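Let's walk through this protein together, one question at a time. Have the sequence and the model open as you read.

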Amino acid sequence: MHSLARARVPVLIGPNSTSKLASQLIAVMGAIDGAAFRFGSAAVWPVDQRNRALGITVPTLVLCGSDDRVTPPDLSEELARLIARARLELIPCTCHLPNLE
């Protein structure tokens with residue numbers, strides 16, 4: 001998993017992130033059991049949640065890093081359009097983990 005983590009972390013965080021954050025993420029991702037990662041990935045990637053989003057009726061804030069390459073802003077824009085009372089906020093100069101960046 002460490003080689004996968006080293007390859008994926010640069011996609012998850014932006015160029016303004018610290019090398020300390022990158023190292024921490026590599027360590028955390030590298031410690032994930034490979035079978036568990038494959039199971040989780042197989043469960044998440046093929047799932048289409050658009051119909052469920054249509055059923056959300058509460059005010060919703062959709063957040064997305066402006067430079068997210070995993071879940072690009074256009075997907076978050078679509079999600080915000082599907083939720084009747086949603087508002088989209090792009091977090092500038094961040095990627096997939098803006099809460100850490």
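Q: How do the residues of the lining of the largest pocket divide into nonpolar, polar and charged?

A: Keep in mind that this is a predicted model. The pocket in question has a volume of about 760 Å³, and 21 residues line it. Sorted by type, the lining residues come to 12 nonpolar, 5 polar and 4 charged.

Q: Which residues lining the largest pocket are the closest to its centre?

A: Several helices share in this lining: α1, α3 (34–44), α4 (50–54) and α5 (73–82) each supply at least two residues. From the full set of 21 lining residues, those closest to the pocket centre are V44, W45, V47, T71 and L75.

Q: Which helix gives the largest share of the lining of the largest pocket?

A: The candidates with at least two residues each include α1, α3 and α4. The largest share, though, is 5 residues, and they come from α5.

Q: Which residues make up the largest nonpolar core?

A: In soluble globular proteins, nonpolar side chains tend to be buried together. Here the largest such core has 10 residues in all. Its members are A5, V9, L12, I13, L21, A22, L25, M29, V70 and L97.

Q: Which helix gives the most to this core?

A: Both α1 and α2 supply at least two residues of the core. The top contribution is 4 residues, and it belongs to α2.

Q: Which residues does A22 touch, not counting those up to four places away in sequence?

A: A22 is itself one of the members of the largest nonpolar core. Leaving out residues up to four places away in sequence, its partners are V9 and I13.

Q: Is S17 buried or exposed?

A: S17 sits in the loop between α1 (2–12) and α2 (19–30). Its relative accessible area is 17%. Because the cut-off for burial is under 20%, S17 counts as buried.

Q: Which residue's side chain joins that of S17 in a polar contact of 3.3 Å?

A: S17 lies in a loop, between α1 and α2. Its side chain makes a polar contact of 3.3 Å, and the partner is the side chain of E101.

Q: What pattern does the protein follow, read along the sequence?

A: There are 5 helices and 2 strands to place. Read along the sequence, they follow the pattern α-α-α-α-β-α-β.

Q: Among contacts between residues at least 6 apart in sequence, what percentage join residues at least 24 apart?

A: The protein has 101 residues, and its C-alpha trace spans about 40 × 30 × 20 Å along the principal axes. Among contacts between residues at least 6 apart, the share joining residues at least 24 apart is 72%.

Technical notes: Residues are numbered from 1 along each chain as its sequence is written. This is a predicted model: local features need pLDDT of at least 70, side-chain atom pairs count only at pLDDT 80 or more; totals for chains, interfaces and linings use all residues. Side-chain values use heavy atoms; hydrogens and water are left out. Buried means under 20% relative accessible area, exposed over 50%, partly exposed in between (1.4 Å probe, protein chains only). A polar contact is a pair of N or O atoms within 3.5 Å; within protein, one must be able to donate a hydrogen and the other to accept it, and residues adjacent in sequence count only if both atoms are side-chain atoms. On a 1 Å grid over the protein atoms alone, a cavity is a set of points where a 1.4 Å probe fits but cannot get out, and a pocket is an open set with protein on both sides within 12 Å along at least five of seven lines; lining residues have an atom within 4 Å of a point. Grid points are joined across faces, edges and corners, and a volume is the space filled by probe spheres set on the points. Ala, Val, Leu, Ile, Met, Phe, Trp, Tyr, Cys and Pro count as nonpolar, Asp, Glu, Lys and Arg as charged, and the others, Gly among them, as polar. A nonpolar core is a set of buried Ala, Val, Leu, Ile, Met, Phe, Trp, Tyr and Cys residues joined through side-chain atoms within 4.5 Å. Contact means heavy atoms within 4.5 Å.
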